[in-house]
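Subject: Structure for you to look at

Hi there,

Here is the structure I promised to pass on. Please open it alongside this message, and I will walk you through what turned up.

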Amino acid sequence: MIKIIGEFNDGRLIYSIYDDIPVFGYIAIGVIDRGTNVLQVRPTTICPQNCIFCSVDAGVRSNHRWAEYIVNPDLIIKGVKKAIEEKGCNVEVLLDTVGDVLTYPHLSDLVYKLKKTSGVKSVALETHGLLLSRKTIDRLNNAGLDRINLSIETMNPDKAIYLYGTRAYDLKRVIDSAEYAVRETSIDLHVTPLWLPGINDDDLVDVVNWALRIGAGKRWPPVTIQKFIKHKYGRGKDLKEVSWKEFWNFIEKLEIKLGVRLKWTMSEWGMHYAKRIRQVLRRGDLVEVEILARGWLRGEYLGRYSDKSLITVLPSPHVRISPGVKYIARIIEDKDNLYIARIEN
Ligand code: SF4
């Protein structure tokens, strides 16, 4: 059901999850429901970039990860069907991994199967684009992909290489692919640059103008600017983070300067609140967890609670952890049915 299929130079193990595993409960992979009609779907954790601002410490040079995963598409489909059944509403699927979903070897197959799933209204993916090409776009278009959310922070090729931490990033190809998607396919493009205060303030003007000029936003809003937020295990600790007030002031000034809208309501996104999937565990519960593998972050483990949920398992200094063994653990986090448990001594 889970096996090691590779290893990065830094010792990170790559696991394939292919059978008989619940796909709820774990932040890094599977299906996440946050109480709306949008399901976050995460079939892989792998990323080919190394962005200086990465909030999830992904990519070729990660400091905090010691495992990556690739999940079988049929398991994901099973999870999405279960979520739709429990929620009782149609859903929009957003492939928004803690890596880059374009690395997923079964991406077209997954998109195709998602689109054939009753209750799935649309399928979108988020990417920084290193692996985008016309060929990839054609495959995704044939599979039925509805939208690409492209995070692109600059139109300057050298700056892009600096920001994305790899010389493999070919901005010209990314731009060409995005324009091709808008012009030649039914895939919509939503451009989602991250504002890095003091680093790409002026670049954002170019990015927004480009997105509007090429016709992004055929069915959904064309551009949303994202706020840079420092995370405990993310990169960019030396970058500037502004308050939400400063962020919205910046966005409003940009809207006036460019004469365009950059803020959208939930309904303009076709989003609404919806019944949540069933909560299987609560904070304080004492449960038996089986350790399946390393967790994605160093020192953590991926565990499961019977056939109901995956769990992030934090070790106890007094207990030696081995895969395949069951332990008693206390649930310490349960928000959005994402569970974290600590092994009891
Ligand atoms: S920001 Fe996205 S593309 Fe960049 S390293 Fe992180 S996951 Fe990869």
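Which residues of α5 are buried? They are Leu171, Val174, Ile175, Ser177, Ala178, Tyr180, Ala181 and Val182. Please keep in mind as you read that this is a predicted model.

Staying with that helix for a moment, α5 covers residues 171–184, which makes 14 residues. From its first C-alpha to its last it reaches 19 Å, close to the 20 Å expected at 1.5 Å a residue. As for what its buried residues pack against, the partners are α3, β8, α4 (157–164), β9 (188–191) and α6 (201–214).

The ligand

You will probably want to see the ligand site next. The residues surrounding the ligand are Cys47, Gln49, Cys51, Phe53, Cys54, Ala58, Gly99, His128 and Arg235. Sorted by class, this shell holds five nonpolar residues, three polar ones and one charged one.

One member of that shell, His128, also appears among the contacts of Ser151. Ser151 sits in the loop between β8 and α4 and is buried, with 9% relative accessibility. Setting aside neighbours within four places in sequence, Ser151 is in contact with Thr127, His128, Tyr164, Thr192 and Gln226. With Thr192 there is also a polar contact, side chain to side chain, at 2.9 Å.

Salt bridges

Across the whole structure, the search finds 26 salt bridges. Here are some of them.

Lys87 pairs with Asp33, and their closest N and O atoms are 2.6 Å apart. Lys87 belongs to helix α1 (residues 73–87) and Asp33 to strand β3 (residues 30–33), so this salt bridge ties together parts that are 54 residues apart in sequence. Are these two partners buried or exposed? Lys87 is buried at 4% relative accessibility, and Asp33 is buried as well, at 2%.

Another salt bridge brings together the side chains of Lys115 and Asp146, at 2.8 Å from N to O. It links distant parts of the chain, 31 residues apart: Lys115 is in helix α2 (residues 107–116), while Asp146 is in the loop between α3 (134–143) and β8 (147–150). Here Lys115 is partly exposed at 28% relative accessibility, whereas Asp146 is buried at 6%.

Then there is the pair Lys263 and Glu252, whose side chains meet at 3.7 Å, N to O. Glu252 lies in helix α7 and Lys263 in the loop between α7 (244–258) and β12 (286–294), with 11 residues separating the two in sequence. Both partners have some exposure: Lys263 is partly exposed with a relative accessible area of 29%, and Glu252 is partly exposed at 36%.

There is a network too: Asp10, Arg12, Arg65 and Glu68 are joined by salt bridges that share partners.

A buried loop residue

Arg65, from that network, is also touched by Leu297. You can find Leu297 in the loop between β12 and β13 (301–305), where it counts as buried at 8% relative accessibility. Not counting residues up to four places away in sequence, Leu297 touches His64, Arg65, Trp66 and Tyr233. If you would like a distance to check on screen, the C-alpha atoms of Leu297 and Val60 are separated by 15 Å, and the two residues are 237 apart along the chain.

Backbone angles

Finally, a couple of backbone angles for you to look at. Most residues other than glycine have a negative phi. Asp57 is not a glycine, yet its phi is positive, at about 50°. Asp57 is in the loop between β4 (38–42) and β5 (67–71) and is buried, with 1% relative accessibility.

Ser306 is likewise not a glycine and has a positive phi, of about 40°. Its place is in the loop between β13 and β14 (309–314). What is the relative accessible area of Ser306? The value is 37%, and Ser306 is therefore partly exposed.

I hope this gives you a good start. I look forward to hearing what you make of it.

Best wishes

Conventions
Residues are numbered from 1 along each chain as its sequence is written. This is a predicted model: local features need pLDDT of at least 70, side-chain atom pairs count only at pLDDT 80 or more; totals for chains, interfaces and linings use all residues. Side-chain values use heavy atoms; hydrogens and water are left out. A residue is near a molecule or strand if one of its heavy atoms lies within 4 Å of it. Ala, Val, Leu, Ile, Met, Phe, Trp, Tyr, Cys and Pro count as nonpolar, Asp, Glu, Lys and Arg as charged, and the others, Gly among them, as polar. A salt bridge is a side-chain nitrogen of Lys or Arg within 4 Å of a carboxyl oxygen of Asp or Glu. Helices (H or I, at least four residues) and strands (E, at least two) are DSSP runs, numbered from the N terminus. Buried means under 20% relative accessible area, exposed over 50%, partly exposed in between (1.4 Å probe, protein chains only). The expected span of a helix is 1.5 Å times one less than its number of residues. Contact means heavy atoms within 4.5 Å. A polar contact is a pair of N or O atoms within 3.5 Å; within protein, one must be able to donate a hydrogen and the other to accept it, and residues adjacent in sequence count only if both atoms are side-chain atoms.
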